[in-house]
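Student: I have a structure open on my screen, and I would like to understand the words people use for it. Could you take me through them?
Tutor: Gladly; let's look at it together.

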Amino acid sequence: MMFLVRPTPLNNEHLLSFILRLSIANGFKNTIQLLRCIDIPLTNNRLPPKKVALGDFPTELLQKAINLKAKPLSSTLFHQAEHNWYRFKQLTIPAASINFSKPTFCPQCFCEELKHPVQHLLLPMTHCSKHHCALIDFNPSNGKRLTWSTADLLTIMDKATSTVIKEVLPTVTSNISKLGLTSAERLLVGKQQFNLKNYLVLLHFFFHYHQRSITSPTKRAQQLSNKQRVHLYNIANEYLNNWPTGFYGLLNRFLLKPMAQRGETGIRHYFRDLYDEIYSGSLKGIFAYQFLMSAFEDYLENEFSESAFTNSLTRIEAPLHNSATCICEKSAAQLLNIPVSHLKLFVNAGLVTLQDNGTFLKKDIVEFIVKAKDFITLTETTELLEIGKSQVVQLVDSGLLKYVIHPNDELRDWLFDKKELQAFTSKIKDCITTPHKLPTSFKSSTFKALTFNGDCISTVIENIVINKTAVIYTENPNNPLSLQQFHPCFDVSLQPNKYVSPKQASKILGVNINAIYDFAKRGFLIIEKQQVGRTARPVKLIPKYSIDSFKNNYVLNKHFKSEDKHKFELISGPAINGGLVNLYVRSTS
C-alpha cells in the first residue's frame, strides 16, 4: 500500500523521527501500527529503535509506501563505524553518549515541527537549547516512560507544553549547541581545543569516574532518567572547567578509596580501572584519551617522583620510569618478568633485599635480573620434567637434582634453576642406547609403570647413570627436558627357572596358544601367577612339571596314525565338550 500523506525527510532528521512524523501525519496511533501496515516484521510486537536508526530492517517497504527514492531515506540513517562509535552524516558520536531506546523530547519542538532533533539523542543533552527547557522522558500525566512507540504522542506533548518551565541552560547543553553537529567550533579545556566527539568522550569519562569515587557499582547514563543525568553531567563538566585541578582532585580521592582492594600494588592499587581504561581501553588512541594520559602522568611525576609508584613498567612513559630510585613489588616483578609470588620467594630466601618502606632499590633488581631469569618453581619443574612433585623431591633427596631454595621452618616453597634441569637430562642422554643394539628379549617401560611396580624413580635413574639399566630415547621437540623421553628397558625373558610362559608351552606342545589356555581351563594344564619383576602385576606361567605330566598322560591326534586311532579314547574336543583341540588318552580296553 501507499500512504496518503508522504512527507520527505527534513534536514538533519534521523529515521526514528521521520517514522514518528509519518505515523502522526497519516493518523496512526503509534509507529508500530504504521510499520505493521506495510508488513515490516516486528519481533514480539515491539519497535527495535537501534535497528530502525541503523536501517537494519526492510527499508524498501517504507520507500515504496511513501514513493521515496533510496538516497533521501539513507541520509536519515546512523552508521556503526566501529564497536564504540556511530556516524550520522559528518558527525561521529561515542556509543556511550547516545541512547536510541529511551528518547527524550522537547514538547514545544515536537508540537511546532513534529521533529525530534538529532542533538536530543545525546545523553548529555538534557535541555532544549531553543526553548530553554528540560527535556522530558516520562509522561507527565501518568509517569510512564516515553518510547518511540508511545500511543498518541502528539497529544501527550501538547498537554506537556503547559507544564514546561523555562530554565537557565546547563553549561553542558550550551557547549554541545556551540560545538554543533557539523560545525568546526572547538571547546577550550586547559590549553587544548576539543571538537564535539572528544568533548563527549571526556564527559562520559568523568561522569563514570566521579560516581566511582563516591560509590560502587556505578550506573550508566542510559540507566538514569534525564533529571538524574543533569547533575552528574554538570559535575563532569566542572572537572574540565577546573583543569587540571579538578582531575587531580578526583585522583586524590582514589588515594583514600583505592580501586583495587587486594592483589594490586602501586599505581594499580589506587587507580586500577582508570589506569587500564586510559592506557589499554578501546578509546586509548583518540585525542581525548591522549590528553587524559598526559595529565595523569604529570600527576604521577609531581606527586610520586621519588616513590614506588612511578615505575609500573607497563604503559607509563619512560621518563617517569628512569627517574625512580625505588620501585614497588609489582614493578619489581614486572622488571624481572616473573609473578609477584616468585619475587616473594627471593625475598624470603634472602636473595633480594626488601627495604623498610616495602619497596626495592631499582639497581638491586637490575643486578638480580641475570640470576633470576632461569629460576622456576616446583610446579614449573614438574611440568618441564613431566613427573609428579613427590618424584622431583625423590630426585633431590638422592642428590641427582640440585635446588636453589629448599623448604624449611621459614620457607615453604621450592625453587630450581632451569640450567640444573638441563644438566640433569643431559646426564641421562649420555647413557642412552639405540634400540637395534638391544637383544630382542628386551622391552621398554616407563617411569610410571616402574613406580607401580614399586621401583623409586631415583633408583631407576641411578641405575641408568651407572649403566646398570639400559635406556632408549624418543625425542620430544616440544619439551626437551621431559623425562618421558627416556624409556628404561628390561629383559622380558627373565622368569622363574621351573616355569614356562603360555607362548613357550604352545611351542613345546605344538598347538596354538589359545589351546594352551583351553587346556588350563579344563584342568589338563596348571597355570600359576608369578611375580617376574618386569611388570607391576604378576603374570600367568605354567610349571614345567605340568608340561611333563601332560605329555605322559595325554595324546594329540597328530601323535598317532589314523589306523591306530582305536587304541586311544577321545576325552576333550569340539564334538564332546567344545574344546578347541581333540585330546586323547590311551584306551584301557
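**Charged pairs, a sheet and a cavity**

Tutor: Let's begin with Glu112, Glu113 and Lys130, which a network of salt bridges links together. Keep in mind that this is a predicted model.

Student: What makes the contact between glutamate 113 and lysine 130 a salt bridge?

Tutor: Their side chains come to 2.9 Å, N to O. The cut-off is 4 Å between a side-chain nitrogen of Lys or Arg and a carboxyl oxygen of Asp or Glu, so the pair qualifies. The two residues belong to distant parts of the chain, 17 residues apart: glutamate 113 is in helix H6 (residues 107-113), and lysine 130 is in the loop between strand E4 (127-128) and strand E5 (133-134).

Student: Why is glutamate 113 called partly exposed?

Tutor: Its relative accessible area is 37%. Buried requires under 20% and exposed over 50%, so a value in between is called partly exposed.

Student: How many salt bridges are there in the whole structure?

Tutor: A search finds nine. One of them joins aspartate 273 to arginine 212, with the closest N and O atoms 2.5 Å apart. That pair also links distant parts of the chain, 61 residues apart, with aspartate 273 in helix H12 (residues 266-280) and arginine 212 in helix H9 (residues 196-214).

Student: How do you know whether aspartate 273 is buried, partly exposed or exposed? And what about arginine 212?

Tutor: Aspartate 273 has a relative accessible area of 23%, so it is partly exposed. Arginine 212 is at 14%, so it counts as buried. The line between the two classes is drawn at 20%.

Student: Which salt bridge has two buried partners?

Tutor: Try arginine 21 and glutamate 13, whose closest N and O atoms are 2.8 Å apart. Both of these residues are buried.

Student: Next, why is histidine 487 said to be buried?

Tutor: Histidine 487 has 18% relative accessibility, and therefore it counts as buried. The residue is found in strand E14 (residues 486-491). Leaving aside neighbours within four places in sequence, histidine 487 is in contact with Ser444, Ser445, Thr446, Ala470, Val471, Ile472 and Thr474.

Student: What makes the approach of histidine 487 to glutamine 484 a polar contact?

Tutor: A polar atom of the histidine 487 side chain lies 3.4 Å from the backbone oxygen of glutamine 484. The limit for such a pair of N or O atoms is 3.5 Å, so the distance criterion is met.

Student: How do you know that strands E18 and E20 pair?

Tutor: Strand E18 (residues 555-556) and strand E20 (residues 583-586) share two bridges, in the antiparallel sense. At least two bridges are needed, so they count as paired. In one of the matches, leucine 556 has leucine 583 in E20 as its bridge partner.

Student: And what joins E19 to E20?

Tutor: Four bridges join strand E19 (residues 568-572) to E20, again antiparallel. Glutamate 569 stands opposite valine 585, and leucine 570 has tyrosine 584 as its bridge partner. The three strands form an open sheet in the order E18-E20-E19.

Student: Why are E18 and E19 called edge strands?

Tutor: Each of them pairs on one side only.

Student: Last one: how many cavities of 30 Å³ or more are there?

Tutor: There are three. The second largest has a volume of about 50 Å³, and the residues lining it include Asn99, His120 and Arg229.

Key. Residues are numbered from 1 along each chain as its sequence is written. This is a predicted model: local features need pLDDT of at least 70, side-chain atom pairs count only at pLDDT 80 or more; totals for chains, interfaces and linings use all residues. Side-chain values use heavy atoms; hydrogens and water are left out. Buried means under 20% relative accessible area, exposed over 50%, partly exposed in between (1.4 Å probe, protein chains only). A polar contact is a pair of N or O atoms within 3.5 Å; within protein, one must be able to donate a hydrogen and the other to accept it, and residues adjacent in sequence count only if both atoms are side-chain atoms. Contact means heavy atoms within 4.5 Å. On a 1 Å grid over the protein atoms alone, a cavity is a set of points where a 1.4 Å probe fits but cannot get out, and a pocket is an open set with protein on both sides within 12 Å along at least five of seven lines; lining residues have an atom within 4 Å of a point. Grid points are joined across faces, edges and corners, and a volume is the space filled by probe spheres set on the points.
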